[in-house]
Amino acid sequence: MKSNQFIDEMQAFEDEYLIKDGRLSGKFFTPEVVGKHLVKQAVQQFLESYVKTEEISICDPFCGDGRLIKLLIKELRDNGISTKIKATLIDSDSSNISESKANLSKIGENNIEFKFKRKDSFVHYGLKNSEVYDIVITNPPWAMLKIDQKHIVESAEEEHVLQYKTRLKEYSHLLLSTYPLSKPKGGFASLGTNLARLGVELSLKVCSTTGIVAFVSPASLLADTRSKPLRKWMFDKYSCSFMNYYPAEARLFERVDQPFITAVFSCRAATKCKVQKYDKDLNLLSDFSIAITKDFLDSLNWAFPVQYNKDQITVLTKIISSAGTRQISELENESFWIGRELDETRYKQRLVDSGDVKFIKGKSITRMHPKVVEMGLMNSDELKLPGSTQYSRIVWRDVSRPSQKRRVHATIISPGFLTGNSLNVLHNHTEKRESLLSLLGLISSLVFEFNMRSMLATNHISASTFRSGVIPNFEHENNKLNNLVLEVLDGKTDKEYDLEIMVAKLYGLTKKEFQSVIEGFDKLTENEKNELLSDKRWAVEI
């Protein structure tokens with residue numbers, strides 16, 4: 001098979017029939033400030049065990065306009081490395097290759113040999129290709145290998161669209177069979193193939209046993225459940241020496257609303273990883289070193305909370321590892337059900353003027369508030385109503401952006417409502433909302449959300465991520481906890497401070513540990529923090 005066969009066929013369709021949008025192709029070139037910092041760390045790690053050789057081989061398998069290779073060459077030369085450099089730049093887009101050639105021709109040095117290849121790196125390196133490099137530096141495409149109908153122009157013929165989707169599925173199957181570690185854990189083919197994840201796997205595999213890999217990636221790589229198999233392999237086979245976290249609010253990539261990381265990995269053992277976190281203005285918020293061992297990652301469910309500082313990671317480890325806590329998933333062994341009810345795609349077509357089912361979706365609810373805004377009515381005769389609609393339920397919004405003050409938005413709804421899939425549902429087969437009050441208080445707490453945030457690197461709180469969250473062992477009808485939740489639901493917002501403190505104590509946290517937790521919520525006001533740390537409130541026994 002030719003390495004460009006799939007990409008050429010799909011490119012021809014996309015050029016003619018796809019709405020032009022950089023987000024679809026995942027083309028987000030690395031900002032210079034990020035690239036410079038990454039290459040400095042990459043070269044620092046490379047020089048720690050560098051033995052002078054006749055040449056140094058470097059590669060960017062997703063080169064874009066060649067900026068990372070250009071920065072890398074400059075950093076090597078600035079550090080006194082005069083050895084011949086053999087640089088390989090690969091990209092499936094011919095315009096990117098042309099731009100790379102133009103950019104790198106300005107270096108004007110004879111001791112560098114460039115190879116520019118217009119190829120699909122995923123297929124090229126998957127065809128038993130034996131090329132390896134001393135330094136691999138890259139920013140793989142941030143895209144899912146799928147296409148929504150809304151991105152296809154109306155003039156596209158159905159036959160061409162069907163052919164394109166068939167080839168897309170074949171290409172996806174090829175990639176996942178070639179890079180099996182990037183196959184989503186528990187995923188479905190319809191969810192698409194994550195090219196950023198595949199790109200990291202590819203880059204690590206084409207690195208020499210004495211080399212290093214430096215890459216840019218969405219932060220979901222370190223947290224989401226679908227990346228867990230790849231993550232376990234990465235940290236088992238390679239050592240991470242540098243990790244940097246940039247928040248979504250930094251807006252360093254146009255039209256991208258998600259946090260991202262840069263990292264440096266190598267086959268050589270690294271005693272500790274230097275972790276740096278930046279704010280939206282690129283001010284350094286935290287800078288520490290930590291040993292990323294298998295035991296450490298296992299204690300954190302193999303999700304590395306790069307957005308937290310060292311003290312916060314210590315508290316998180318205590319929360320997850322405590323004998324007094326358990327995962328939400330264990331509730332499913334006690335008659336609890338977690339899931340979603342109705343696909344709300346084109347839900348407006350199902351609405352009627354007079355119906356017996358009240359339909360709601362994510363924006364219908366408010367955090368810890370009883371009021372629910374109906375989106376309209378539906379007829380039960382025209383629906384296959386899930387059995388869950390006859391019970392009281394805890395619901396929480398699926399969409400949850402990192403920039404929000406609070407990310408877990410949950411409340412209790414009464415029997416009779418039907419929820420769209422922008423809401424996740426939890427219930428225990430009873431109409432009594434009293435049996436859900438304590439649980440609502442726990443999952444709405446800062447401590448639970450602190451745990452959740454360590455696993456959230458996208459704009460969603462999926463049911464699978466939610467199941468991995470931990471809660472204290474509790475009585476379903478803890479009267480004191482229930483009463484506090486009821487008071488908050490009744491609009492007594494001052495009682496939420498007492499609720500938060502009570503839950504923190506149920507988790508076994510000290511006031512100092514709880515302070516580390518609330519420091520992870522940068523949109524809390526000073527007054528809110530003071531109330532949450534009030535000596536008077538903490539003096540109350542639970």
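Buried, on this tour, means under 20% relative accessible area. Keep that cut-off handy, and remember that you're looking at a predicted model.

**Stop 1: Met 368**

Start by selecting Met 368, which sits in the loop between β12 (357-360) and β13 (376-378). Is this residue buried or exposed? Its relative accessibility is 4%, so Met 368 counts as buried. While you're there, check the backbone: phi of Met 368 is near 50 degrees, a positive value in a residue that isn't glycine.

**Stop 2: Trp 302**

Now hop to Trp 302, in the loop between α10 (294-299) and α11 (310-321). Here phi is near 60 degrees, again a positive value in a residue other than glycine. Trp 302 has a relative accessible area of 8%, so this one is buried as well.

**Stop 3: helix α13**

Next, select residues 446-453, which make up helix α13. How many of the eight residues of α13 are buried? Eight of the eight are, so the helix is largely enclosed by the rest of the structure. The buried set takes in Leu 446, Val 447, Phe 448 and Glu 449, followed by Phe 450, Asn 451, Met 452 and Arg 453. Show their side chains if you like; Glu 449 and Arg 453 are in that buried list along with Leu 446 and Phe 450.

**Stop 4: α13 against α17**

Keep α13 on screen and add helix α17, residues 511-518. For a pair of packed helices, the things to look at are the angle between the axes and the distance between them. In this case the angle is about 55 degrees and the axes are 10 Å apart. Because of that angle, α13 is oblique to α17. Turn the view until one helix lies in front of the other, and you'll be looking at a left-handed crossing.

Which residues meet here? From α13 come Leu 446, Val 447 and Phe 450, and from α17 come Phe 514, Val 517 and Ile 518. Colour that contact by class and you get six nonpolar residues, with no polar and no charged ones.

**Stop 5: Arg 537**

Last, select Arg 537, in helix α19 (residues 535-538). With a relative accessible area of 14%, Arg 537 is buried. What does Arg 537 touch, leaving aside residues up to four places away in sequence? Bring up Asp 494, Tyr 497, Asp 498, Ile 501, Lys 505 and Glu 531, and you have its contacts on screen. Among them are the acidic residues Asp 494, Asp 498 and Glu 531.

How values were computed
Residues are numbered from 1 along each chain as its sequence is written. This is a predicted model: local features need pLDDT of at least 70, side-chain atom pairs count only at pLDDT 80 or more; totals for chains, interfaces and linings use all residues. Side-chain values use heavy atoms; hydrogens and water are left out. Axes are lines fitted to C-alpha atoms, for helices over the stretch in contact, and angles run from 0 to 180 degrees between N-to-C directions. Helices (H or I, at least four residues) and strands (E, at least two) are DSSP runs, numbered from the N terminus. Angles under 35 degrees count as roughly parallel, over 145 as roughly antiparallel, 65 to 115 as roughly perpendicular and the rest as oblique. A crossing is left-handed if the near helix is turned anticlockwise from the far one by less than a right angle, and right-handed if clockwise. Contact means heavy atoms within 4.5 Å. Ala, Val, Leu, Ile, Met, Phe, Trp, Tyr, Cys and Pro count as nonpolar, Asp, Glu, Lys and Arg as charged, and the others, Gly among them, as polar. Buried means under 20% relative accessible area, exposed over 50%, partly exposed in between (1.4 Å probe, protein chains only).
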